[in-house]
Amino acid sequence: MTLLWDADPGAVERFQVALGGVTRHDSPAALGRALEADSSEFLVIIGPDVDLASACDFSEGVRVQRPEVGVILTRRRVDVTVLAQSLRAGVREVVQADDLTSLADAARRSREISQKVAGHTTSDASREGKVITVFSAKGGVGKTTFSTNIAAYLATSGSKVLLVDLDLAFGDVAISLQMLPTTSIMDLVSMAGHIDEQGLASVVTHHSSGLDAAAAPSDPSDADRIPGSTISELLRVAKTVYDFVIIDTPPAFTEHVLAAFDNSDLLVLIATLDIPAVKNLRLSLDTLDLLGTPKDSRLVVLNRSDAKVGLRAEDVVTAIRQDIALMVPTSPAVPASVNKGIPLVIDEPRHAVSVAFKELTEKFLRNPGPVETRAEAKVDAGPQRRWSLSRGGK
Ligand SMILES: Nc1ncnc2c1ncn2[C@@H]1O[C@H](COP(=O)(O)OP(=O)(O)OP(=O)(O)O)[C@@H](O)[C@H]1O
Ligand SMILES: [Mg+2]
């Protein structure tokens with residue numbers, strides 16, 4: 001049974017469509033008592049007419065007293081200010097009040113988180129692969145290069161690997177690996193709600209390195225027809241089948257990327273030595289803070305780290321207030337390998353770029369200790385400061 005805070009008795013019927021059983025309360029005190037009375041209660045929905053400050057106060061209290069309980073806020077209009085304040089107060093998601101499909105999805109995601117937080121994970125002793133998302137909010141910095149090479153290296157050294165191309169409109173994983181997929185992630189949409197190992201196997205394409213790839217659709221307009229929930233389902237199944245699931249992403253916080261973040265064990269953020277890339281990386285890190293992604297599950301990789309462009313690795317560390325885990329040098333061998341369709345780690349395993357990719361894989365993916373940093377890039381990152389969405393991201 002879900003708890004609803006809403007003064008309108010008619011709200012129960014409306015929300016029941018999306019949420020199943022709902023018990024309504026019209027004040028935070030009554031809601032608090034209901035939570036106290038039933039420790040199996042995991043989800044609170046706050047109606048669109050409850051004022052934002054009271055909703056945030058309530059959420060802050062729940063976060064401290066019952067951290068396993070998820071609070072979802074509904075609003076008639078969702079804007080950046082509402083989002084920023086709510087996420088800061090520990091609200092799990094903010095959903096448009098009349099969008100019952102999104103509300104149902106948010107409720108399902110929240111229940112899954114609650115189960116994990118409460119230690120009630122239903123996963124059995126089956127395989128628990130690692131999910132790694134490679135992201136940058138700026139295009140062309142090397143996400144596809146990194147993800148294809150890491151996936152190929154893991155596959156050639158004995159791991160079962162799925163490479164997922166979440167750049168659903170303009171993905172180039174397949175072409176970078178000279179693959180000609182006849183199926184794509186789009187084929188999972190018709191299986192939504194019951195994707196299983198066989199369903200997943202029917203849409204992946206096998207590569208000679210041993211990795212499997214879930215390709216982006218060939219028609220860019222299909223991207224909008226793939227719900228975020230299908231990506232979550234894909235990843236949940238994939239990690240029971242594969243040792244590693246590597247996700248290449250577009251340069252934007254799409255709903256598919258957010259689903260990948262939610263399901264990832266590690267986020268690899270790629271930067272280069274140019275001011276827009278560094279600015280975007282800093283905003284991305286701040287956004288990840290707001291989304292509640294743990295800091296120790298993020299790695300920053302500086303690609304083309306030797307470029308002589310007047311900006312140094314130390315400057316990047318100062319700007320992003322986080323250390324750099326790996327430096328990857330610039331080399332014409334990288335685009336040459338893409339043009340050949342053979343990942344550099346396979347084509348030239350001793351190349352400095354390949355060595356860097358392998359070093360990161362062994363240190364942080366195969367044998368992860370706590371996320372550490374390389375000494376040569378280590379500069380005190382200074383105190384963390386939160387980016388407020390309400391400042392418009394400036
Ligand atoms: N270390 C490197 N040295 C030289 N060239 C590189 C290096 N890393 C990436 N490149 C080249 O930079 C270009 C962009 O790389 P890539 O496609 O991996 O970026 P991306 O972040 O995936 O881009 P997009 O956001 O468009 O998907 C490619 O031509 C690639 O070969
Ligand atoms: Mg790319």
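Select Ser-284 in helix H11. The model is predicted, so every stop here is a computed one. Ser-284 is buried because its relative accessibility is 1%, under the 20% cut-off. Show its side chain. It reaches the backbone oxygen of Asn-280 at 2.7 Å. Now show what surrounds Ser-284. Leaving out residues up to four places away in sequence, Ser-284 touches Phe-135, Ala-137 and Phe-253. Add Leu-269 and draw a C-alpha to C-alpha distance from Ser-284. The pair is 8.7 Å apart in space and 15 residues apart in sequence.

**Along helix H11**

Stay on H11 and select Asp-286 and Arg-282. Both lie in this helix, four residues apart, about one turn. Their side chains form a salt bridge, with the closest N and O atoms 3.3 Å apart. Is Asp-286 buried or exposed? Asp-286 has a relative accessibility of 4%, so it counts as buried. Arg-282 counts as buried too, at 18% relative accessibility.

**Helix H10 and its cover**

Next, select helix H10, residues 255-262. Which residues of H10 are buried? They are His-256, Val-257, Ala-259, Ala-260 and Phe-261. Now colour the elements that cover these buried residues. Among them are two helices already numbered in sequence order, H9 (228-241) and H11 (275-290). Strands E6 (130-135), E10 (244-248) and E11 (266-271) also belong to the cover.

**Thr-361 in helix H15**

Move to helix H15, residues 352-366, and pick Thr-361. Thr-361 counts as buried because its relative accessibility is 0%. Where does its side chain point for a polar partner? A polar atom of the Thr-361 side chain lies 2.7 Å from the backbone oxygen of Phe-357. Now display the contacts of Thr-361, skipping neighbours within four places in sequence. Ile-150, Tyr-153, Leu-154 and Arg-366 appear.

**Salt bridges**

How many salt bridges does the structure hold? It holds 14. Side chains of opposite charge can pair when their charged atoms come close. Asp-286 with Arg-282 was one such pair. Here are further ones to select.

- Asp-315 and Arg-312: their side chains meet in a salt bridge at 2.9 Å, N to O. Asp-315 counts as partly exposed, at 26% relative accessibility.
- Asp-289, Lys-295 and Arg-298: show these three together, as they are linked in a network of salt bridges.
- Glu-68 and Arg-66: the closest N and O atoms of this salt bridge are 2.7 Å apart. Both Glu-68 and Arg-66 are buried.

**Ser-59 in helix H3**

Now select Ser-59 in helix H3, residues 52-65. Ser-59 has a relative accessible area of 1%, so it is buried. Leave aside neighbours within four places in sequence and show the rest of its contacts. Val-71, Ala-89, Gly-90 and Val-91 are in contact with Ser-59.

**Where the domains meet**

Zoom out and colour by domain. The protein chain is divided into domain 1 (2-117) and domain 2 (130-382). The C-alpha centres of the two domains lie 33 Å apart. Seven residues from domain 1 and five residues from domain 2 make the contact.

How much area is buried between domain 1 and domain 2? The figure is about 530 Å², and carbon and sulfur atoms give 48% of it. Select Leu-87, Arg-108 and Arg-109. These supply 54% of the area that domain 1 buries against domain 2, more than any other three residues.

Search for polar links across this boundary. The count of salt bridges between domain 1 and domain 2 is zero. The count of residue pairs in polar contact, both at pLDDT 80 or more, is zero as well.

Now highlight helix H4 (80-88) and helix H5 (100-117). Each supplies at least two residues of the side of domain 1 that touches domain 2. Which element gives the largest share of that side? H5 does, with four residues. Finish by colouring this side of domain 1 by residue class. It divides into two nonpolar, no polar and five charged residues.

Notes. Residues numbered from 1 in each chain as written. Chains lettered and ligands numbered in written order. Predicted model: local features only at pLDDT ≥ 70, side-chain atom pairs only at ≥ 80, totals over all residues. Heavy atoms only, no water. Domains from an automatic or database assignment. Contact = heavy atoms within 4.5 Å. Buried area = accessible area lost by both parts, 1.4 Å probe. Salt bridge = Lys/Arg side-chain N within 4 Å of Asp/Glu carboxyl O. Polar contact = N/O pair within 3.5 Å; in protein donor to acceptor, adjacent residues only side chain to side chain. Nonpolar A, V, L, I, M, F, W, Y, C, P; charged D, E, K, R; others polar. Buried < 20%, exposed > 50% of the residue type's maximum accessible area, 1.4 Å probe, protein only.
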